[in-house]
Amino acid sequence: PSLRRKAALLAKVQDEAGHGLYLYSACETLGVSREELYDQLHSGKAKYSSIFNYPTITWADMGAIGWLVDGAAIINQVPLCNTSFGPYARAMVRVCKEESFHQRQGYEIMLTLCNGTPEQKEMAQDALNRWWWPSLMMLGPTDDTSVHTEQSMKWKLKRKTNDELRQQFIDQTVPQADILGLTIPDPDLKWNEERGSYDFGAIDWDEFWQVVKGHGPCNKERMDARVSAWENGAWVRDAAMAYAEKKKNKELKEAI
């Protein structure tokens, strides 16, 4: 990858950190503290997106993640700009704008690889093969097995069901793969003229639930890294708090 592409990826990482802060802030309006939320994450009580528990093996994965994962996130998040929970809806407006950059960044990587050497195009196809099904899974379980969809739709927290979002994502993404000259890894994928949408193969929901329950390829690695970062960063938080207290006391003395 070029320096330009590395810089773009760093900008994306910075955006994603900001997205986490927006959503933690939205949660805090419900009366829960940031510390409680972190504890719930580190203890395994709080769930996070299943997609983060898959390995990134090559640079092509950065393209596939931007194109597919962030593309699926946009499909999911755009309707949430009109969710009934105001703090979340307002956060989603900015999140969606930034995610559109992430999706374009990923697609550009894939397009560059597909227009490169045969080996580079093979890398792109391999990444698509590995990330296609997890990207479909990250939109949530089927409507008939989802325990939250019905209530969330009733309260207008969700504006579209999981199955509706998944179908929209597939219909939008397949033509993009055609432009790249890549093959969607689903032998049952075909256009249904009557429905005006693509029919697609069965998703391995056993794999999905294994990942959600903490038994995915990288669950332990991801959580260990998160907890380690929190523990190793304690001195930074302590120093920041000590400085803030010192500054506050100094300002009080000067005011007197």
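Hi everyone, I'll talk through a helix contact, a pocket and some salt bridges in this structure, which is a predicted model.

Let's start with the helices. Helix α4, residues 86-114, and helix α7, residues 162-180, have axes that come within 10 Å, and they cross at roughly 35°. So who's touching whom? On the α4 side we have Q103, Y107, M110, L111 and C114, and on the α7 side Q176, I179 and L180. Sort those contact residues by type and you get six nonpolar, two polar and no charged.

Okay, on to the pocket. I picked the second largest one, with a volume of about 200 Å³. Its lining has 14 residues, and the closest to the centre are Y48, V212, G214, N219 and M223. Helices α2, α8 and α9 each give two or more residues to that lining. Here the split is five nonpolar, seven polar and two charged.

Last topic: salt bridges. Side chains of opposite charge can pair when their charged atoms come close. How many salt bridges does a search of the whole structure find? There are 10.

Take D126 and R130, which meet at 3.0 Å, N to O. Both sit in helix α5, four residues apart, about one turn of the helix. Is D126 buried or exposed? Somewhere in between: at 34% relative accessibility, D126 is partly exposed, and R130 is partly exposed too, at 24%.

Another pair is D199 with R195, with the closest N and O atoms 2.8 Å apart. D199 is at 23% and R195 at 43%, so R195 counts as partly exposed. And one more thing: salt bridges with shared partners join D61, D126 and R130 into one network.

Key: Residues are numbered from 1 along each chain as its sequence is written. This is a predicted model: local features need pLDDT of at least 70, side-chain atom pairs count only at pLDDT 80 or more; totals for chains, interfaces and linings use all residues. Side-chain values use heavy atoms; hydrogens and water are left out. Axes are lines fitted to C-alpha atoms, for helices over the stretch in contact, and angles run from 0 to 180 degrees between N-to-C directions. Contact means heavy atoms within 4.5 Å. Ala, Val, Leu, Ile, Met, Phe, Trp, Tyr, Cys and Pro count as nonpolar, Asp, Glu, Lys and Arg as charged, and the others, Gly among them, as polar. On a 1 Å grid over the protein atoms alone, a cavity is a set of points where a 1.4 Å probe fits but cannot get out, and a pocket is an open set with protein on both sides within 12 Å along at least five of seven lines; lining residues have an atom within 4 Å of a point. Grid points are joined across faces, edges and corners, and a volume is the space filled by probe spheres set on the points. A salt bridge is a side-chain nitrogen of Lys or Arg within 4 Å of a carboxyl oxygen of Asp or Glu. Buried means under 20% relative accessible area, exposed over 50%, partly exposed in between (1.4 Å probe, protein chains only).
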